[in-house]
Every structure is written in structure tokens, then in C-alpha cells.
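Reader: Could you take me closely through one part of this model, and then connect it to what lies elsewhere?

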Amino acid sequence: MAGFIVKRLTQLLPMLLGASLLVFAVIRLAPGDPYSGLIDPRMDPAKVAELRQRHCLDCPLLTQYWHWLSGIVRGDLGTSIRFRIPVSELIGDRLGPSLALGVTSESIVLLAGIPFGILAAVRRGTWVDTAVTAVALSGLAIPAFFFGLLLLRWLSLGGLQILPSAGFTTPGSQLSGVPLLLDAARHLILPATALGVTSIAGLMSHVRSALLEVLQQDYLRTARAKGLPERVVLYKHALRNALIPVVTLLGLNLPGLLGGAIITESIFLWPGIGRLTYTALLERDYPVLMALNLMFAGLTLLGSLLADIGYAVVDPRVRFE
Amino acid sequence: MSLRADVSVSKMSRRHRRTRGAPSGRFSRAVREPERGLNRSAWRRFRANRRAMLGLYILIILVLSAALAPQLTWHDRDLPDVRAAEQPPSRTHWLGTDELGRDIYTRLLYGGRISLTVGLVAVAIYTSIGVVLGAVAGYYGGVVDSVIMRITDVVMVIPFFPLALTMAAALRPSVYNTMIVIGLLGWTGICRLVRGEFLTLRSREYVAAARAIGARDGRIIFRHILPNALAPVVVAATLGVGTAILSEAGLSFLGFGVQQPTPSWGNMLSAALSLKVLLLQPWIWLPPGLMIFIAVLAINLVGDGLREALDPRLTR
């Protein structure tokens, strides 16, 4: 297992390198330089020259790429043009809330997707199955941000008004401990649901079809013939095998979370990475954008590595290949 | 036909003559309607799929309403008329007006034109790229395959939406740049698909036969292997149009896609970022959101139907 992980990590590095090249190339499609925003035309020319020197703005492209890359390896992700602070600090501050949002969203996806997928498979052909399939189809077709707006309008700002509409915690409140957690949880519900709507739909259909396939297997006939109650047949035998792909799905969902989070965090004013991305885009803060895209690439690779490891853990057949 | 010895020959011939006209047994459909290629039976399967047909009808209505937009409305698309601003649906303005006084129904129709076109063109771009790269990678194998696959992996590693936004921000956002951005970043799925098909198909006998009679590689790829590899590509491209529409909506919603005053379903939705519009003026943002939903739903139904109809495992 350790050898497997090490092997995958070594494959990871060239991909990250390639990704960094792609990100750099995309950013350079823009007119001017990534750092030319730092240069105020009213500054005195010596200062301008020094800034240009420091950020290597007059170097040839390859040198600029190397300059950026070597900075990253040293931990220096650049300086934000808008905020004038190191990018790593900027991202570090925002990582926590995004993590909370992501974890909550994945939990909601699992809690909603798996039971309904099972229900649809077990009650195949009945109205339950039709309803679940209809919900799944709708979930895949609705834009996540439209769903978020609907939630905001009818559950938060207008309509029922039972859930908060923005931010991680209620501003101005001095809560701590359990009340703080509860407050944060209330704030998490809507954005996490909006973020997960597409994944819930996908998971429901996957679980349903996987379970339908497993339910036709012979070993279940044996289990029923042995006289086991249907409940045991389902939970102990069928589900264990049907839910194997779910682990992979979870890991591969990670990049989708990152992409969807940009809009969701902007709508719900969530103080996370997605909102940072949006601000950076608006201000054309290229150093931040370069770092963010590279980070997203890294997270995608991490997600797929975790998915593979998880798959090996859950499915013994893979381990002994 | 009976083999009874006591019945006279003439009776048997009469029976034979009567039944000879049209075969009517269990397998005679194969005789009556020889299948001209995969497409006939696939189309029949598609037509039998009620969900798929529903999706197709909805899609036809959407495309027609987009194409016939000038005929379906007489309001101006872009001209502001502040006296009529922010009005709820009425007899003159069927879906009301937006904050600049423009008719929502008109903008919805023309916005449909833009959104659907961007979806189609973007998918056309990335299907072309993906098919060519995948075919070359799958057919030649070896170093070419490795290089193309590495490039594909690198593009797939960065999640689509952040990279698309970054690219759109770097280039100046516009309708054409949106098509280009989605097209340049979306080809990886189709590339892998086509490569897989080619890896399987290149060892078929007809390929060896074509090579034996001296056909050039290009001809083999495009005239012999590709037509057989197309079925999953058609399904993927169809479903891809739905995803492209959602992507364009996302890009435009954030301001990095279709720019005002040109309407698109995505940028019409961005009005809802204002609290007043969100709470008090649902006619401004609910219609475009619903249209995106209906369009993508219909496309998904059609795509799923195509997938079931073209599935080679079901050929009888």
C-alpha cells in the first residue's frame, strides 16, 4: 500500500508541473504583465525600475515562468495586487471556511443521496422510484447558482426567513463554544445544500443503478435461500458491494466542489476561497489567480489519489491485484 | 404449411399461394425491413423511449422559439425605456420589464438564441479537437499516445470552472470568447473516449484489409474506423451541449461571459444579485433560470435516450 502511494505521488509531480505551465500560459494571454497592476504610473521611476526588477517583468517569458515556479517551491506564492499581502497569507485565511463548507456539503450529499438511491432501487418501478429519478434528473439540470438563489429567496431572505443569508457567523455576535458552533451550522446549511445539489442528483442515480445491478447477483439469492431477513440481505451483503463506487465518486467530487464554490460563496458572501477567486477575477489580481488555479490542480490530484486509496481500502479485490 | 398426405396437392398449393405474399412469422420483420445500418433500429428504439421523445419535443420548441424570435415579439431587445422600468407582467409586457425598461420576454427569446448557440458552437469546437486528438492517439499509440495523454491529463487536472473564468478574465469577455474558452477546455472527455474506441477498433480485420490494399493512415482513420467509433461521441456531444449551456450561464452570471446589453440566460440571472430584484421582482430572474433548467433537462433526456438507443449491446 505504501509503495502504491509513493508511486502515485511521483506521478503527481509532473502533472503539477504541467498544470503550472498551463496556468502560466493562460494568465499570459492577458495584455500586459501579471504584476503590472502594482506599478502606479505616478510612482517615481527608480521605484518602478526596482519593482520591475524584483518581479522580473522585463525578463523573457521562460525566465518569468522559472522565477514564479522557484518562488512557489520556496513557499512564496507571490503578492496580491489588490490586497498587497503575500498570497499564501491570503489563501491561508480563507481556507478554513471553505473546508467547513466543503465537508458539510459532502456530508449532506452522502446523507441525502445514498438513502434515496437505495430506496429507489429497492422500490423499483413504484412511485418512489419515479419520484427519485425525477428529482435526480432535475438536480442535474438545474444550475447550482439558480438553486442557491431560490433557496435564498424562499428560505432565507423572503418566504420562510428561517435561515441566515450570508457569512459564516452572525456579525457582531460574541458567541463562543457550543452556541458558536450552532450559529455556524445555521449559516452552513443553505450554501452547503446549494453547493451539493448536482452531486446529490448524481449520487442518487449512481447508487440506484449500482444497487440494481448488485440485487440481481446470485450470492443474494443464496442469502435469501438461507432464510436471512431481507434487511440483512440488503445491509450486510448488497450495500457493501454496491457502495464501493461511492468512495471513488467522493474523491472525484472534489474538483467539482471547488468550481461550484466560486458562485455559491459569492452569492452567500461566504468568507472562503471561492469568494477570494471571484474578487481576484474582478480585480484581475493575476498572482492570486495563478496560485489559486495551481492549488485547485493540486487538490484535484489529491482527491483522485484519495479516491484510489479509498477504493483499495474498501474493495479487497483491488488490493491483491 | 401442413404435410398431410390426404389433402390434395391442389389444396396445398392454394394454401401456399395465399400465405406466400407477406411473411408473417415471428422473425419475419427481419425479412420485411432489412436493417439499413445501425441508424434505423436505433431511431426506432429512440422513438419508443417516451422520456427521450418528450425531451426532443421540448428541444424542438426551444430551438424554434430561438430561431423565430423576431417573429415572436415586436419589442426592442436592447433599447432602454426607463419610463417602463421594473414593471410586473402585463398585457403589453408579457413577462414584465427589467430595471432598464427592456421587455423580459423579448430578452428571454433572444437570450435563448445566444445561450443555445454558444452551447452548440462550443461543443462543436471541442468535439472536433477531441475527436482528432483521440483518433491520432488511439490509432498510432506509442509516443504519440503518451504525449497526447499527458497533455489531456494536464488540462483535466485543473478544474474547468476556475480555469475557464481565469481564461475569460485574461481575454476580454464576449460571446465569441465564451465559445472559445469552453471549446478549448472541454475536449478532454471526448479525446479519452475516442482514444478508447480507437484502441479497440484498430485491430479489426477491416483495418488490416484496408492497409493491405494500400490505404493511407488518414483514410483508414476517417473513412473506416471513425464511423464505427462515433456512437459514444454523439451521446457525449449531446450531453455536452447541456453542460456547455450551464457553463456559459455560470460565466455570464459572474460577468465573464456574454456582456450586456447582449442578453443571455446567464447574464439575465445576474440581476438577482440585487436584493430588490431577488425579493420583489421575481419576473426578472425566474424565467431565465427556468429556461436553463428546461433546456438542460430536455438535452439530458435526449442524450440518455440516444445512449440507450445506440448501445451496441442491444443490437438484435
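Author: In H10(B), a helix (a DSSP run of H or I with at least four residues, numbered from the N terminus), the buried residues are B:Thr188, B:Ile190, B:Cys191, B:Arg192, B:Leu193, B:Val194, B:Arg195, B:Glu197 and B:Phe198; buried means that 20 or more other C-beta atoms, placed from the backbone, lie within 10 Å of the residue's own. This is a predicted model, in which local features need pLDDT of at least 70 and side-chain atom pairs count only at 80 or more, while totals for chains, interfaces and linings use all residues. Residues are numbered from 1 along each chain as its sequence is written, and chains are lettered from A and ligands numbered from 1 in the order in which they are written.

Among the elements that cover these buried residues of H10(B) are helix H6 (104-140), helix H7 (142-157) and helix H12 (217-253) of chain B. H10(B) itself runs over residues 188-201, 14 in number, and spans 20 Å from its first C-alpha to its last, close to the expected 20 Å (1.5 Å times one less than the number of residues).

Turning to where the chains meet, the contact (C-beta atoms, placed from the backbone, within 7 Å) draws 38 residues from chain A and 34 residues from chain B. On the side of chain A, the elements giving two or more residues include helix H1 (2-27), helix H5 (127-141) and helix H12 (286-314) of chain A, and that side holds 29 nonpolar, 7 polar and 2 charged residues.

H5(A) also has partners within its own chain, where A:Val128, A:Asp129, A:Val132 and A:Thr133 meet A:Phe116, A:Leu119 and A:Ala120 of H4(A).

Key. Two residues are in contact if their C-beta atoms, placed from the backbone, lie within 7 Å. Ala, Val, Leu, Ile, Met, Phe, Trp, Tyr, Cys and Pro count as nonpolar, Asp, Glu, Lys and Arg as charged, and the others, Gly among them, as polar. A residue is buried if 20 or more other C-beta atoms lie within 10 Å of its own, exposed if 12 or fewer, and partly exposed in between; C-beta atoms are placed from the backbone.
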